[in-house]
Amino acid sequence: MAEPVAAPILAVEGLQKRFGGLTALGGIDLAVGKGEVIGIIGANGAGKTTFVNIVTGYLKPSDGRITVNGIDVTGLPPRVMTRRGICRSFQMSQLFASLTCLENLVLAHAAAENGGWKLLADPWTADRLARAEEGLARFGIADYRDARTATLPQGVRKLLDVVLAVAARPHLLLLDEPTSGIASDQRFQIMDVIMGQMAECGVTVLFVEHDMDLVERYARRVLAFLDGRIAADGSVAEVFGHDEVRRAIVGDHRATRRPMGPGQ
Amino acid sequence: MAISLTILMDGLIYAAWLFVVALGMTLIFGVMRILNVAHGSFYAFGAYTMATLLNLITGAGLPFAYGFLAIPLAALAVGGGLGTMMETGVLRWLHGRDEVAAALATFALFLILEDMVPLIWGLDAIPTYQIYGVLGTTDIGGMIFNNYELSFILLAIVVGAITWWGLRHTRQGKIVLAVIHDPEAAQAFGINVRRVFPTVFAIGGVLGALAGAYSAPMITVYPGIGVEAVILAFAVVVIGGLGSVPGAMIGALAVGLARAVAVHLLPQVELFVIYSVMTLVLLFRPSGLFAKPVARRI
Amino acid sequence: MPMPRSTGWLIVIVFGGVALGGLGLPAWMISVGLSAMSQGIVVLGLVVLMRAGLISFGQGLYFGLGGYAVGVLSLEFGITDAFLRVIAAALAAAAVGLLLGCLLRRYRGIFFAMLSLAFSMIFYGLLVKNQNLGSTDGFRVLASTFAGRPPTGGANQLWLFLFACLLSAVCALAVHRYFRSTLGWLATAIRDNETRVEYLGCSVNAAVHLKLVLCSALAGIGGALSAMTVGHIDPAITYWTTSGELVFVAILGGAGSVFAPFLGALVFQVVHTLALAMLPHAWHVILGGVLLASILFMPDGLWSAIARRRERSHG
């Protein structure tokens with residue numbers, strides 16, 4: 001199992017979520033260290049997205065505690081979590097549909113920096129424009145600079161969703177199925193871009209993913225969600241070899257294969 | 001003691017009136033997601049048509065009892081005719097636009113229809129008292145109540161029961177319930193959601209017109225009655241939760257009783273009380289009493 | 001991309017031109033212009049909300065508050081100075097907007113629209129029952145004075161016209177400035193995707209609340225100007241038909257520019273005058289018909305239909 005984390009950036013204790021009679025999360029304990037790259041796997045309905053929604057403040061937990069850098073943030077709304085450096089992307093990209101990519105990003109920068117009277121200032125500063133152009137370029141979508149986001153291809157939408165999350169300067173980024181809806185031959189390409197950028201900025205990443213090849217390739221640590229709890233927590237090899245996980249999530253063929261790391 | 005009985009009976013009669021007016025409005029919203037401001041016109045046209053028919057009947061020397069026949073006639077003619085015209089002429093072309101645009105369109109229709117009333121029937125009130133007294137009176141605990149007014153409670157129970165039965169036990173009703181509950185899922189199960197729209201709109205119209213026609217003998221039929229009806233019906237529908245039939249019943253009772261208390265004890269705050277009840281409910285239940293808040297999937 | 005800075009100068013030129021033209025206009029055109037400008041200022045506030053995807057069916061509340069603030073100010077304190085009147089009206093309306101905003105900011109779409117309507121109907125009910133304020137008859141509003149200048153009979157209307165031009169220009173400039181600010185851009189963002197705005201660290205409800213206060217203040221200013229123009233106030237100015245007419249003008253003009261509300265208001269005044277002449281008792285038939293046509297055939301409003309350019313187009 002995972003080794004104890006010394007000074008966790010995110011710590012979750014006894015996190016529970018019930019919707020009426022349905023228990024979506026039944027007691028999650030987790031400590032995330034700075035710089036980790038963690039993959040979250042699990043069948044549909046295992047509680048992965050609920051977990052992301054609660055940690056980022058979209059839903060309130062029924063029970064349990066969430067701390068960020070040792071400070072209790074349980075039940076605080078998304079805007080406060082964002083200001084504490086916890087950001088996320090979405091299964092369904094959340095963009096400003098009537099604006100162009102560049103406008104989306106400039107506005108994201110302006111909104112993320114806002115404070116009181118600065119809201120009354122013009123968002124179109126030369127500095128923000130430059131940063132927005134750079135952001136689009138770094139994620140390889142500069143060609144779509146002036147396209148309205150309603151017209152973008154799915155892959156670009158997913159990337160822009162991440163770029164917008166990064167605009168809020170996260171310490172910890174949660175990616176909710178960053179490659180859903182993307183053709184399998186393009187998934188590695190997109191994940192390469194995202195993970196490369198995150199590593200460069202030293203951002204800690206948790207990503208929810210169904211594609212086990214991607215999990216093997218990018219995750220240093222894997223959490224397997226099963227019926228609202230963490231069934232296994234450890235390295236890729238450990239988790240993929242775990243009996244319950246193999247039966248319920250990964251499938252038998254994969255456990256017999258050697259985990260494939262980036263260096264192999 | 002006497003005052004509380006009066007308040008209770010007045011409240012129940014008023015609640016019955018509100019329920020019949022609001023039922024059509026909430027049904028239309030539940031299925032079509034249109035807040036039909038022109039519902040007030042169904043009410044007004046129903047009342048005016050009833051008044052015209054009533055005067056024709058009594059003018060021809062027929063017995064007053066025939067006047068009761070005029071009520072369903074007026075409701076069906078106005079609800080079916082006006083409802084179908086509005087649906088096919090305007091609302092059909094607004095599918096896919098947001099709820100506010102649809103409400104604005106019905107507001108425009110309301111403006112037109114409200115001013116059609118004086119064009120058709122003139123500016124003066126029309127007498128409709130002829131059948132108000134024919135049912136006699138009842139003595140309840142020493143208080144005298146007019147039976148026609150009491151019969152409104154019966155009407156509300158009958159209309160409510162028929163609607164409830166129709167929604168649960170007929171094929172069409174089940175489709176309507178499915179659409180109210182979850183339009184997308186209903187569509188996924190192969191229900192052509194839009195095919196039920198004209199029928200539902202016409203039924204909502206008939207209910208609104210029925211309320212107007214049945215009320216006509218109890219009220220003064222004059223220009224402006226539609227506005228009053230729609231504003232109160234809106235408060236009822238919001239309290240109960242837009243689109244909820246049981247909500248309309250509870251909302252009608254809450255508003256009806258609150259108003260009766262105000263009218264008898266503090267008449268200057270009548271309108272204030274109704275909207276205060278609404279504001280209070282919304283403070284604690286932002287979507288009304290019976291509607292489920294919709295969580296966005298992200 | 002940012003809106004052209006030249007719009008600011010255009011506002012000064014347009015309203016300066018209208019003011020100059022006013023010197024040579026016949027009295028009835030002055031009066032139509034005054035009505036259009038007071039209505040235009042209120043609708044400017046509605047456009048602030050419309051950009052965030054919100055429509056208020058109860059703007060008559062703040063419009064009426066502005067009017068009654070002017071009336072009460074002269075009734076109780078004998079203050080008739082036009083500038084003081086407008087400031088008092090704006091403050092009164094903004095204060096009520098701030099208070100009601102605590103509840104309204106949580107609502108969107110049809111709930112927001114109808115809850116606003118409910119509040120305006122409560123206010124109407126209170127005014128009708130209030131004998132001190134003349135109940136349904138209302139009361140007369142004394143003519144305005146301008147920085148100590150006493151009213152001078154017939155010329156007063158011209159002074160008021162010039163004042164209205166100044167006020168419209170100031171309001172249009174302020175709203176134009178607001179459109180170009182981060183807060184103004186956030187309106188589009190909120191309309192498109194509230195979830196993302198929250199996840200950028202901004203409070204959507206707080207932004208909506210600020211917009212509500214701005215829009216109530218503008219409605220109060222318009223109401224003050226209208227009361228000063230008409231010289232009389234009664235509860236009808238807070239009735240739902242007034243609110244409906246304001247929404248009508250907003251839809252007619254569209255949200256494309258700060259000029260759109262004034263254009264919409266001018267067209268409305270002309271339609272109103274013609275319709276009233278044709279169908280004195282039923283002019284809402286024509287009004288409703290025009291509104292219906294503009295919803296069905298010009299969803300972005302008159303301004304966009306004429307200008308055929310989007311303010312966000314790149315160039």
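**A pocket between chains and two single residues**

In this predicted model, the residues that line the second largest pocket divide into 25 nonpolar, six polar and six charged. The volume of this pocket is about 1000 Å³. Its lining is made up of 37 residues, and those closest to the centre are B:Tyr14, B:Glu228, B:Leu232, B:Arg259 and B:Glu270. Two or more lining residues come from each of α1 (2-32), α9 (225-240), α10 (245-265) and α11 (270-284) of chain B, and also from α5 (109-129) of chain C. With seven residues, α5(C) gives the largest share of the lining.

Chain C also holds a charged residue worth a closer look, C:Asp81, which sits in the loop between α3 (60-77) and α4 (82-104). This aspartate is buried, yet C:Asp81 has no salt bridge. The nearest side chain of opposite charge belongs to C:Arg85 and is 8.2 Å away, whereas a salt bridge calls for a side-chain nitrogen of Lys or Arg within 4 Å of a carboxyl oxygen. What the side chain of C:Asp81 does reach is the backbone: a polar atom of this side chain lies 3.1 Å from the backbone nitrogen of C:Phe83, and the backbone nitrogen of C:Leu84 is reached at 3.2 Å.

Turning to chain A, A:Gly64 is found in strand β4 (residues 63-68). A:Gly64 counts as partly exposed because its relative accessibility is 25%. Along the chain, A:Gly64 and A:Asp211 are 147 residues apart, and their C-alpha atoms are separated by 30 Å.

Notes
Residues numbered from 1 in each chain as written. Chains lettered and ligands numbered in written order. Predicted model: local features only at pLDDT ≥ 70, side-chain atom pairs only at ≥ 80, totals over all residues. Heavy atoms only, no water. 1 Å grid on protein atoms, 1.4 Å probe; cavity = no way out; pocket = protein on both sides within 12 Å on 5 of 7 lines; lining within 4 Å. Points joined across faces, edges and corners; volume = space filled by probe spheres on them. Helix = DSSP H or I, 4+ residues; strand = E, 2+ residues; numbered from the N terminus. Nonpolar A, V, L, I, M, F, W, Y, C, P; charged D, E, K, R; others polar. Buried < 20%, exposed > 50% of the residue type's maximum accessible area, 1.4 Å probe, protein only. Lys, Arg positive; Asp, Glu negative; His and termini not counted. Polar contact = N/O pair within 3.5 Å; in protein donor to acceptor, adjacent residues only side chain to side chain.
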